[in-house]
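Here are some exercises to work through with the structure open beside you. Try each task on your own, then compare your steps with the solution.

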Amino acid sequence: MNAPAASPPTPLQDAALKMIRALVGFDTTSRDSNLGLIHWVRDYLGGYGIVSQLTFDDDRRKANLFATLPAQDGNTTTNGVVLSGHTDVVPVDDQPWDTPPFEATLEGNRLVGRGVTDMKSFSAIALAQVPMLLRRGLRRPVHFALSYDEEVGCIGVRRLIADIAARGIRPAGCIIGEPSGMRVVVAHKGKRSYRCHVRGHEAHSALTVSGVNAVQVASEIVSFLAQMARRFRDRGPFDAAYEVPFTTVHTGVIRGGTALNIVPRDCRFDFEFRHLPSEDPEAMLAEVKRFAATLLPEMHAVDASTYIEFDPLSATPGFESHGGNEIAELGRRCSGSSDFGKVSFGSEAALFHNAGVQTIICGPGHIAQAHQPNEWVALEQLALCEAFMGRLADQVCAT
Ligand SMILES: [Zn+2]
């Protein structure tokens, strides 16, 4: 860990800062194993006599962790509050970092490092409360849920949710610490992402008419997606509670062709819809497919084996709870703010919500600082998160 020469005064308790440093110190980029971090947390909780339940991915390279601090009456299964965070982070590849990304470095009134805002600080501050929660005793269970593969489509948490349901654990509510500026968030957009593969027909570029140019076909579909994006932007539907108050469409990756003098045979591109919870993403995909189908006759006239294919990459449902539930009220009491927010990024909230667990999002930092080089979080946000946890403790503790 990087010990700065002179630490500025921090409102954070040492235990929380230490815990953040420990979690950020594990490189848990989504493509890699997260077991180092998971085993470390398991051992930390084990030191307090708390047993962790791990649920693994198919290769047993990654795991979710679920652990319960029992209520004083022995209850471990009902009426609990889940504190939930994903352990994975997005890659730092090709990003210009000024500090080692997998170290939490204090810089003035900020903490810098991959995952400090998205979203290891929340999990760390929550975990640092364990000794205090146990000392004060709990009136209702507190659960910790740490997941893998959130950044690549909320994959891991589905197994965690299935596992706790199978074991008869029925929490009353869940707080997910995605960066919300410590505002209580009760809705987020849904996300669908897809890969489109255009198979054309290769030819010498002097003989374009005997080929099917996969790059050009793909770019027509990409342009159609851009038109859809403009339509949502200009005509809605709108929900002003979101920072981006309409459904967005975006193409993020495109690959095609091998050389300028060859009519390209293949082109693949990845695109996504981030839709208002009230909107139907299936209908959006159907619209794109209908457009793609209009391009096929010209392609097939040259080569009947050409095609356009769409494969789903990920699906995170939208989430809309309107805030009218106990966990939203609890969040409001703990955050001290009276209004509820909505956010444009997806999260695991929808999956907990759809499994019947009332869910809010409330975590330190802001999504604009996530996924960036020199990802940072303000110490003030961390202090607000710690204060939130303190008020939560007052709500759930016996003394
Ligand atoms: Zn996140």
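**Exercise 1. Find the residue of β13 that is the bridge partner of C196, then describe how β13 sits among its neighbours.**

Step 1. This is a predicted model, and in it C196 has F269 in β13 as its bridge partner.

Step 2. Look at the strand pairing. Strand β9 (residues 190–199) runs antiparallel to β13, and 10 bridges link the two.

Step 3. Now turn to strand β11 (residues 248–256), which is also antiparallel to β13 and is joined to it by 8 bridges. Here I254 is the residue that stands opposite F269.

Step 4. Check how covered the strand is. β13 spans residues 266–275, and 8 of its 10 residues are buried. F269 itself is buried because its relative accessibility is 0%, and the cut-off for buried is under 20%.

**Exercise 2. Work out which kind of aromatic pair F269 and F271 form, and which kind F238 and F246 form.**

Step 1. Recall the cut-offs: planes under 30 degrees apart count as stacked, over 60 as edge-to-face and the rest as tilted.

Step 2. The structure holds 10 aromatic pairs. For F238 and F246, the angle between the planes is 85 degrees and the centres are 6.3 Å apart, giving an edge-to-face pair. F246 has a relative accessible area of 16%, so this residue is buried.

Step 3. For F269 and F271, the planes are 35 degrees apart and the centres 5.8 Å apart, giving a tilted pair. F271 counts as buried because its relative accessibility is 2%.

Step 4. Widen the view: F269 and F271 belong to one aromatic cluster that also includes Y194, F273 and F310.

**Exercise 3. List the protein donors of the zinc ion and decide whether their arrangement is tetrahedral or irregular.**

Step 1. The donors come from H86 (NE2), D118 (OD) and E178, which appears twice in the list through OE atoms. Their distances from the zinc ion run from 1.8 to 2.6 Å.

Step 2. Along the chain, these donors follow the spacing H-x31-D-x59-E.

Step 3. Place two of them. D118 is in the loop between β5 (110–112) and α3 (120–128), while E178 is in the loop between β7 (173–176) and β8 (184–188), so the pair ties together parts that are 60 residues apart in sequence. Both D118 and E178 are buried.

Step 4. Judge the geometry. A tetrahedral site needs all angles between 85 and 135 degrees. The 4 donor atoms here subtend angles of 53 to 141 degrees, so the arrangement is irregular. For comparison, the ideal angle for four tetrahedral donors is 109.5 degrees.

**Exercise 4. Which strands are at the edges of the sheet β4-β5-β18, and which residue in β18 is the bridge partner of L111?**

Step 1. The order β4-β5-β18 describes an open sheet of 3 strands with antiparallel pairing.

Step 2. β4 (105–107) and β18 (376–378) each pair on one side only, which makes these two the edge strands.

Step 3. On average, neighbouring strands in this sheet are turned by 30 degrees against each other, direction ignored.

Step 4. β5 and β18 are antiparallel and share 3 bridges. The partner of L111 in β18 is V377.

Step 5. Look for charges over rings. R110 lies over the face of W376, 3.5 Å from the ring centre. Elsewhere, the charged end of R231 is over the ring of F232, at 5.1 Å from its centre.

**Exercise 5. Find where the backbone has cis peptide bonds and where phi is positive in residues other than glycine.**

Step 1. Start from the usual case: most residues other than glycine have a negative phi, and most peptide bonds are trans.

Step 2. The bond from D118 to M119 is cis, with omega near -10 degrees. M119 is in the loop between β5 and α3.

Step 3. G236 and P237 are also joined by a cis peptide bond, with omega about 5 degrees. P237 is in the loop between α6 (214–235) and β11.

Step 4. C154 is not a glycine, yet its phi is positive, at about 50 degrees. This residue is in the loop between β6 (142–147) and α5 (156–166), and is buried with a relative accessible area of 2%.

Step 5. N374 also has a positive phi, near 55 degrees. Its place is in the loop between β17 (358–361) and β18.

Key:
Residues numbered from 1 in each chain as written. Predicted model: local features only at pLDDT ≥ 70, side-chain atom pairs only at ≥ 80, totals over all residues. Heavy atoms only, no water. Phe/Tyr/Trp six-rings, centres within 6.5 Å; stacked < 30°, edge-to-face > 60°. Buried < 20%, exposed > 50% of the residue type's maximum accessible area, 1.4 Å probe, protein only. Lys NZ or Arg CZ within 6 Å of the ring centre and 35° of its normal. Donors = N, O, S within 2.8 Å, 3.2 Å for Na, K, Ca; no water. Tetrahedral: all angles 85-135°; square planar, octahedral: opposite > 155°, others 65-115°. Helix = DSSP H or I, 4+ residues; strand = E, 2+ residues; numbered from the N terminus. Pairing = 2+ DSSP bridges. Axes fitted to C-alpha atoms, helices over the stretch in contact; angles between N-to-C directions.
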